[in-house]
Amino acid sequence: MVTRDIFTHDVSFHCCQGQGYRNIYAELNSTCAEVTSIRKQDSRIYFCNLGEFTAETPFQTRYCYVQYNTEGKVTSVSVDHIAAINEKQAKKYANKIKNRSAKKGFIDIYRYRITTNDTGTLYLFMDCQKEWNSFRGTLYTSILLSVAGMAAVFVLVFFFSHLFLRPVEESYTKQKQFITDAGHELKTPLTIIDANTEVLEMEHGVSDWTKSIRNQVERLSSMVQQLITLSKMDEDGTTADKQTFCLSNALAESTDLFIPVATTSGKQIQLQLEEQLYYLGDEKCIRQMFCLLLDNAVKYANENSVIMVTLKKKGRKTFFEIQNDCTNLEKGDQSVLFERFYRSD
């Protein structure tokens with residue numbers, strides 16, 4: 001007779017031979033060590049922990065066992081509750097696990113348990129094919145459902161993301177188009193103002209007023225051109241006009257432009273660069289970057305401070321650095337300093 005714990009699949013066997021009973025203790029689950037006893041009363045089987053089981057319960061578990069005495073001889077073999085193997089195969093399985101140090105484990109599709117007492121050693125095997133099939137079926141179903149769910153989510157995201165992102169994309173495109181259009185529209189009045197100023201200078205001569213007008217027109221024209229350049233740089237597929245040029249000369253010439261401005265502000269620019277360093281890139285943009293960084297350093301450096309400008313080569317890389325002291329800089333995320341048009345005030 002057999003009972004089985006429905007939670008742990010532990011089983012306890014009680015076999016009747018002749019007029020007496022032989023207790024066979026088996027623990028077929030690695031997480032439980034409880035051994036229970038059963039007895040037959042009123043043609044029904046009672047399980048001491050879980051209550052009543054029907055008489056069909058013993059036939060729902062396929063098992064066999066091989067009993068050895070203390071001298072190592074087979075005293076009994078039972079294959080009455082399993083049809084997959086015979087006595088010869090049961091003995092073969094017992095011989096395979098006889099020298100194993102583990103008292104429980106798996107051999108083929110059978111989970112085994114080795115129990116030793118004063119009368120000998122019992123090798124118990126239970127067929128776990130049904131449990132393995134159930135486990136594999138559940139595993140494969142879970143994997144299939146997971147893959148199907150991920151595929152469904154991917155399809156939904158792929159097709160509907162365009163609908164969600166379309167307003168953002170259109171807004172960004174319109175913003176770039178507005179900057180480009182505004183830049184071209186501003187060029188026309190600036191050109192007219194510059195032409196009228198030139199006519200006034202021809203008729204009335206050059207004056208401080210006409211010089212101021214020309215300077216402001218030139219400044220506005222440069223800003224408009226920069227806006228158009230930034231807008232084009234954000235467009236996909238835009239490539240820079242890369243050429244090999246002398247980076248050392250470009251930095252030296254850019255620094256010379258700001259030395260007079262720094263001197264009038266009580267600041268000093270110290271230039272440390274290696275000669276004849278060449279670079280492949282857009283020379284115009286590189287020079288513009290030098291000027292922007294130098295302009296910021298001169299504007300925001302402390303009075304009577306030194307602005308260090310360094311250009312050197314380390315291995316295959318070229319390093320450019322501008323360093324200045326500033327007391328009004330708040331602590332925190334300094335990456336905002338490199339955002340476009342950022343100003344601390």
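M308 finds its bridge partner in strand 16, at Q323, and this pairing is a good place to enter the predicted model. Helices (H or I, at least four residues) and strands (E, at least two) are DSSP runs, numbered from the N terminus, and two strands are taken to pair if DSSP finds at least two bridges between them. Residues are numbered from 1 along each chain as its sequence is written, and side-chain values use heavy atoms, leaving out hydrogens and water. Because the model is predicted, local features need pLDDT of at least 70 and side-chain atom pairs count only at pLDDT 80 or more, while totals for chains, interfaces and linings use all residues.

The chain has five helices and 16 strands. Of its 345 residues, 27% count as buried, where buried means under 20% relative accessible area, exposed over 50% and partly exposed in between, for a 1.4 Å probe and protein chains only. Among contacts (heavy atoms within 4.5 Å) with a separation of 6 or more, 56% come from residues 24 or more positions apart.

M308 and Q323 lead into an open sheet of three strands. Its order is 13-15-16, with mixed pairing. Strand 13 (268-273) and strand 16 (317-323) are the edge strands, each pairing on one side only. From one strand to the next, the twist averages 5°; here axes are lines fitted to C-alpha atoms, for helices over the stretch in contact, and angles run from 0 to 180 degrees between N-to-C directions. Strand 15 (residues 306-314) runs antiparallel to strand 16, and seven bridges join the two. One of the pairings involves L311, whose bridge partner in strand 16 is F320. The hairpin of strand 15 and strand 16 has two residues between the strands, and in this hairpin G315 takes a positive phi near 65°.

Two helices accompany this sheet. Helix 4 (residues 247-264) lies across strand 13, strand 15 and strand 16, running at about 170° to strand 13. Helix 5 (residues 283-300) also packs on the sheet, where it touches strand 13, strand 15 and strand 16, and its direction makes about 25° with that of strand 16. The two helices pack on each other as well, at an angle of about 30° and with their axes 9 Å apart. Helix 4 and helix 5 are therefore roughly parallel to each other, since angles under 35 degrees count as roughly parallel, over 145 as roughly antiparallel, 65 to 115 as roughly perpendicular and the rest as oblique. Helix 4 contributes L247, A250, L251, E253, S254, T255, F258, V261 and A262 to the contact, and helix 5 contributes I286, R287, F290, C291, L294, D295 and V298.

A second open sheet holds five strands in the order 8-7-11-10-9, with antiparallel pairing. Strand 8 (74-81) and strand 9 stand at the edges with a single partner strand each, so one side of each has no neighbour in the sheet. Neighbouring strands of this sheet are turned by 20° against each other on average, direction ignored. Helix 1 packs on the sheet and touches strand 7 (63-69), strand 8, strand 9, strand 10 and strand 11 (120-127); its direction makes about 65° with that of strand 7.

Strand 9 (residues 104-107) has G105 and I107 on a covered face, with K104 and F106 on the uncovered one. Strand 9 and strand 10 (residues 110-117) run antiparallel and are joined by four bridges. Both residues of the covered face have bridge partners in strand 10: Y112 for G105 and Y110 for I107. Two residues lie between the strands of this hairpin, and D108 takes a positive phi near 55° in it.

From helix 1 (residues 87-97), Y93 reaches this hairpin. Neighbours within four places in sequence aside, Y93 is in contact with I85, I107, D108, Y110 and F125. Although Y93 and D108 are 15 residues apart along the chain, their C-alpha atoms are separated by 9.4 Å. With a relative accessible area of 14%, Y93 is buried.

Finally, T197 belongs to helix 2 (residues 129-204) and counts as buried because its relative accessibility is 3%. A polar atom of the T197 side chain lies 2.7 Å from the backbone oxygen of I193. Beyond neighbours within four places in sequence, T197 is in contact with T210, I213 and R214.

Terms used: A polar contact is a pair of N or O atoms within 3.5 Å; within protein, one must be able to donate a hydrogen and the other to accept it, and residues adjacent in sequence count only if both atoms are side-chain atoms.
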